[in-house]
Amino acid sequence: MSRSAHPAGPRHADVLPEGHYTAPPADLNSLDSRVWAQTVERTPEGAVAVGGLDVRRLAEEFGTPAYVMDETDFRARCRAWRDAFGSDADVYYAGKAFLSRAVVRWLHEEGLNLDVCSGGELATALDAGMPAERIALHGNNKSDEEIERAVEAGVGRIVLDSFQEIARVAHTAARLGRRQPVQIRVTVGVEAHTHEFIATAHEDQKFGLALAGGGSSSEAGEGPAAEAVRRVLMLDSLELTGIHSHIGSQIFDMAGFEVSARRVVGLLTRIRDEHGVELPEIDLGGGLGIAYTPEDDPREPHEIAKALGDIVTRECEAAGLAVPRLSVEPGRAIAGPTAFTLYEVGTLKELEGLRTYVSVDGGMSDNIRTALYDAEYSVALVSRASAAEPMLSRVVGKHCESGDIVVRDAFLPADLAPGDLLAVPATGAYCRSMASNYNHALRPPVVAVRDGQARTIVRRETEEDLLRLDVG
Ligand SMILES: *Cc1c(COP(=O)(O)O)cnc(C)c1O
């Protein structure tokens, strides 16, 4: 966090008000490749283009707000993950980050598998033709119907999350005459957030079954996880293929995965010693961080693959276990950087000595992350270049909440005016998928752009859509 002023002095206070910002960039027109999708560029005219298409044209054709997704970038990220992990590992895209039929087809074509965690996500995956054996079903409270549909479809794995669920899945599989492959989700006592992790977190959360017994964290002890393994191994309709662990989100530090892998391998060793079986799979979950602002510096998939592969191999060799097949579940790291949200500026309110509030035509209904997690984003004027001085700004939405903030602290050109287009990058994950109808907002479309072509993959909601549900 720094509080330096622009050489020319940013518009507004010399002493900047409370907030998280670094100095304004030397050039407000520059687009940092860490936060923008691959094909985003500023054209000679000064506007921004993606996939060869000018954003002004996209705004005209599809309206604002809109999520604009760079299909080339999405596919490239899928391939980068796939290639980095190679044929000894599986990459499951976490569908909750953003899922649509088109995305399912891209995943399928690029050789990825898919995590779903609800009946709706499962229906989307199957409808778009993802082979069931490449789907994993997650969730801490799967309904009987969801379990039945998953078993019936023949999903490749169900990740078991509670004792009740072991019984439910076993019962359903037996009734349908199936032997369902399952993993057990364990909590390893690691809590990871962005730049730090805690190796001794209490397993005080709704997900998974604790490795440790008695509430304290330790290496694979006599906890609920070991008991779950015992029960699953006794059930003929379940085939226990591995252990699953997911430690958090927006993680940059591999040390959390290292502790997690060590503890999971500890459980695998215990299972071998106690039951004489070596489980063939280990899933270390998702949570890999992305750059929301240029200060974030995430690792590349090949570095992550190497680090995780080395950790698992080392731990297994030390325990005298055959190295199991690894899987990972990146959601944000694939979808996040591929899209930006395109907004039109409506009103501007200059608060002397503080900042300028810039209101756009969306807000917390299309991006709840700032309000929910205090997430940081960057923003740029994209409909034209500007030589104006930087103006300390806060980009806010149109909802009836003072917490309706899209970008808390940003520098925008001081000549910003109603009708200008702004884009907020890195909104491909957990924005459309968490969008709401608050204030009866109509959820924006997702427009996929590739090689000079743009098409709607999720259309904009209409007032008829809203009223169709209102049957009173
Ligand atoms: C949310 C989630 C993921 C994906 O997390 P990202 O932070 O988007 O990578 C993967 N696995 C599980 C079990 C999850 O709950």
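Between which two strands does the loop that holds Asp404 lie? Asp404 lies in the loop between strand 20 (390-396) and strand 21 (405-413); strands (E, at least two residues) and helices (H or I, at least four) are DSSP runs numbered from the N terminus. The model is predicted: local features need pLDDT of at least 70, side-chain atom pairs count only at pLDDT 80 or more, and totals for chains, interfaces and linings use all residues. Residues are numbered from 1 along each chain as its sequence is written, and side-chain values use heavy atoms, with hydrogens and water left out.

**View 1. Asp404 and its surroundings.** Asp404 is buried (under 20% relative accessible area, 1.4 Å probe, protein chains only). Asp404 has no salt bridge (a side-chain nitrogen of Lys or Arg within 4 Å of a carboxyl oxygen of Asp or Glu). The nearest side chain of opposite charge, Lys398, is 9.4 Å away; Lys and Arg count as positive, Asp and Glu as negative, and His and the chain ends are not counted. The side chain of Asp404 reaches the backbone nitrogen of Met364 at 2.7 Å.

**View 2. Gly331 in its loop.** Gly331 lies between strand 16 (325-328) and helix 10 (332-335). Because its relative accessibility is 4%, Gly331 counts as buried. Not counting residues up to four places away in sequence, Gly331 touches (heavy atoms within 4.5 Å) Tyr93, Ala94, Ala97 and Gly336.

**View 3. Arg332 in helix 10.** Arg332 lies in helix 10 and is buried, with a relative accessible area of 8%. A polar contact (N or O atoms within 3.5 Å, one able to donate a hydrogen and the other to accept it; residues adjacent in sequence count only if both atoms are side-chain atoms) of 2.7 Å joins the side chains of Arg332 and Tyr292.

Definitions and conventions: Buried means under 20% relative accessible area, exposed over 50%, partly exposed in between (1.4 Å probe, protein chains only).
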